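Subject: Structure handover

Hello,

Please find the structure we talked about below. My notes on what was found in it follow.

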Amino acid sequence: MTPAPTIVVIGGGPRGTGVIERIAANAAELYGDRPLDLHVVDPHPAGGGRIWRPDQSPLLWMNSMAEDVTMFTDETVELAGPVVAGPALDAWAEDVRAGRVTPDADPAVLAELHGLAGADFPTRRLQSAYLRWTYERALAALPPGITVHEHRTTALAVTGPRGGRQRVRLQDRPEPLLADLVVLTVGHLDAEQDPEQAELGDFARRHELVHLPPDFTADSDLDALRPGEPVIVRGFGLAFVDLMVLLTEGRGGRYENGEYLPSGREPVLYVGSRRGVPYHAKIGYPWTGERPPLPQHLGPEWTEELLGGTGPLDFRRDIWPAVAKELGHAHYHRLFTAHPERTALAHEVFAEKYAAADPGSPELAGLIAEAVPDPADRLDLDALDRPLDGVRHDSPEALQEALRAYISADLARRHDPEHSEDLAVFLGLLSVYAQLVRLGDIGSWWHGFFSYLASGPPGPRLQQLLALSRAGVVRFLGADLTVESDEDQGLFRARSATVPGAYTEARALVEARLPDPSLRHTASPLLRALRDGGAAVTDDGLLAVDPGDSRVLDDEGRPHPRRFALGPFTTARSSGAFTRPRTGGPAFRQNDAAARAALTFLRDLSCRGRLAS
């Protein structure tokens, strides 16, 4: 009897779950009732994977509201396969409360559903339950001919000829899995230490210090950070927020009436970064009224024209001007339609002249100055990106006061619908991201800028940060932070351009960020083997994939017929494996294209009697 074709999905987190959901959605059309073995490989429970595993602290939240999280397609997603509707996280919570669905999850986690509203920020472990339910729903939707096999282990390598079956070597299995197709959805990567981190680690070992390199915060050894001692923290994004939570509330502190009451077990966190400020708070009000028409200046025709050009793309020269004009379009459309009292020109006149002006031109700047009298109402992306550029303070205490004022102002603005042009820019960022994904590897700056503006912490987290600052548990260091190793003193020393001449010494250093998604420094034996086996890797260390269906490219630019890859370690990385409803999530489009290509290949293989295997 001829064995069934086999597909192996390596990585059972939300990206792998999304691919399986798309296989289920497309199977009836493209594969029929033929037999197929589907293997899912992940050492963590499928659905949430490592990052969204269920055994996390209940203190850790998502940075998205429940109503802004979905794993399901809708009519805004550009895809060839069918739309299969499903509930966003808040609707799923209501279904659970009403008894319409019964997820297999810890009762303590499900208890968090009671009272959960759409504007609430759920815990990570509650999102894990939603992802697990999504995974199980996808499995239930597979045709009866598809048999699923789960392997709670780590994939070490994929080998095999381009024209034949692939061999997936597993950590605890002597014989490899034989696969007709392999899909890599391994998510965020562990990394070998780069030269700077390796040097800091060696210094720490010589002097019996603590050095925590870039990592997923929930996996870091935070017990090594002693109560009352200073800790230099480099990084002011979401990883810092997790660190802050686990070292304060996680050690018994609590908040009362806006003030922090320490437990006495907290270290003192001295935090700085390149920007020197935290990510902007998530916007805390809903959209109302007319949406800006998007995309307007940066759509599919623009991306196709860029892709059809000759020579490599330079982000600042070729892409950023159009990005800035598109974000400006979203900003000013909202300003003119929702807050016309702050404008001095008819909207129709402004829109026509704005569309005709070249990005970054004096004509465009003059038009904006004429139409928007108050400079505070104009979109200044450079000032948003680097608010401390050129700012200097005479003392660390002056910086503490200034940063608290900055954070307070950001919180007030992000929760004030009188500044709803900020929400329009957020929608513009989502639209731009969906287009830029089509361009492949455009460098890391854009992804950091997007996260800083669009993917910041919940507002309550910044309220807590302010309380921790007032209590002296968190101290701000400023922008352009550098860390040195003082061999004579046996200490880490941090300096910032924001307070010239000042420095902070500590016996502990934490790099509060995820490792870079680079195959050049990855600790994953699977991706090292892929890299060393001839897969194409960009200058930034990303795995090169076909922008159409996510097949892995080799050094000659040829798509591998039997290997696919999706996620942040590839040139088609998108803003997340799940997204807001009705925002055309590019990850969903990628999942659908890969699933359809895989099913078509496997169907043809089955029809040929697998003679090519």
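An open sheet of three strands is a good place to start: the strand order is 14-15-16 and the pairing is antiparallel. Strand 14 (482-486) and strand 16 (503-506) are the edge strands; each has a single partner strand, so one side of each has no neighbour in the sheet. On average, and with direction ignored, neighbouring strands here are turned by 25° against each other. Please keep in mind throughout that this is a predicted model.

Strand 15 (residues 491-495) pairs with strand 16 in the antiparallel sense, over four bridges. In one of these pairs, Ala494 has Thr504 of strand 16 as its bridge partner. Helix 5 lies across strand 14 and strand 15, and runs at about 135° to strand 15.

Helix 5 also turns up at another sheet. This one is open, has five strands in the order 8-17-9-12-13, and its pairing is parallel. Its edges are strand 8 (210-212) and strand 13 (474-478); each pairs with a single strand, so one side of each is left without a neighbour in the sheet. Neighbouring strands of this sheet are turned by 20° against each other on average, again with direction ignored. Helix 5 (residues 195-206) packs on this sheet and touches strand 8, strand 9 and strand 17 (508-511). The direction of helix 5 makes about 155° with that of strand 8.

Within the five-stranded sheet, strand 9 (residues 230-234) and strand 12 (residues 268-272) run parallel and are joined by five bridges. Val233 stands opposite Val271 in strand 12. As a reminder from the textbook, strands of a sheet pair through backbone hydrogen bonds, in either the parallel or the antiparallel sense.

Next is helix 6 (residues 238-247). How many of its 10 residues are buried? Nine are, so helix 6 is largely enclosed by the rest of the structure. The buried residues are Ala239, Phe240, Val241, Asp242, Leu243, Met244, Val245, Leu246 and Leu247. Among the elements that cover them are four strands or helices worth finding on screen: strand 9, strand 12, helix 4 (124-141) and helix 15 (459-470). Strand 13 and strand 17 are also part of the cover.

Strand 7 (residues 181-184) is covered on both faces. Leu181 and Val183 are buried on one side, and Val182 and Leu184 are buried on the other. This fits a general rule: in a regular strand the side chains alternate between the two faces of the sheet. Strand 7 pairs with strand 1 (residues 6-10) in the parallel sense over four bridges, and three bridges join strand 7 to strand 19 (residues 559-565), also parallel. Val183 shows both pairings, as it stands opposite Val9 of strand 1 and opposite Phe564 in strand 19.

Now the spaces inside. The structure holds 10 cavities of 30 Å³ or more, and the largest cavity has about 80 Å³ of space. Its lining includes Glu208, Leu209, Val210, Ala224, Leu225 and Arg226. Glu229, Pro230, Val231, Arg507 and Ala508 also line the largest cavity. By class, this lining has seven nonpolar, four charged and no polar residues.

There are also pockets. The second largest pocket has a volume of about 720 Å³. It is lined by 28 residues, and those closest to its centre are Arg291, Leu427, Leu430, Arg582 and Thr583. Which helix gives the most to the lining of this pocket? Helix 13 (residues 421-436) does, with six residues. The lining of the second largest pocket has 15 nonpolar, six polar and seven charged residues.

Last, one residue in a loop. Leu388 is found between helix 11 (381-385) and helix 12 (396-414). Is Leu388 buried or exposed? Its relative accessibility is 9%, and buried means under 20%, so Leu388 counts as buried. Leaving aside neighbours within four places in sequence, Leu388 is in contact with Arg275, Gly276, Val277, Leu403, Gly478, Ala479 and Thr498. Leu388 and Arg169 are 219 residues apart in sequence, and their C-alpha atoms are 49 Å apart in space.

Regards

Technical notes. Residues are numbered from 1 along each chain as its sequence is written. This is a predicted model: local features need pLDDT of at least 70, side-chain atom pairs count only at pLDDT 80 or more; totals for chains, interfaces and linings use all residues. Side-chain values use heavy atoms; hydrogens and water are left out. On a 1 Å grid over the protein atoms alone, a cavity is a set of points where a 1.4 Å probe fits but cannot get out, and a pocket is an open set with protein on both sides within 12 Å along at least five of seven lines; lining residues have an atom within 4 Å of a point. Grid points are joined across faces, edges and corners, and a volume is the space filled by probe spheres set on the points. Helices (H or I, at least four residues) and strands (E, at least two) are DSSP runs, numbered from the N terminus. Ala, Val, Leu, Ile, Met, Phe, Trp, Tyr, Cys and Pro count as nonpolar, Asp, Glu, Lys and Arg as charged, and the others, Gly among them, as polar. Two strands pair if DSSP finds at least two bridges between them. Axes are lines fitted to C-alpha atoms, for helices over the stretch in contact, and angles run from 0 to 180 degrees between N-to-C directions. Contact means heavy atoms within 4.5 Å. Buried means under 20% relative accessible area, exposed over 50%, partly exposed in between (1.4 Å probe, protein chains only).
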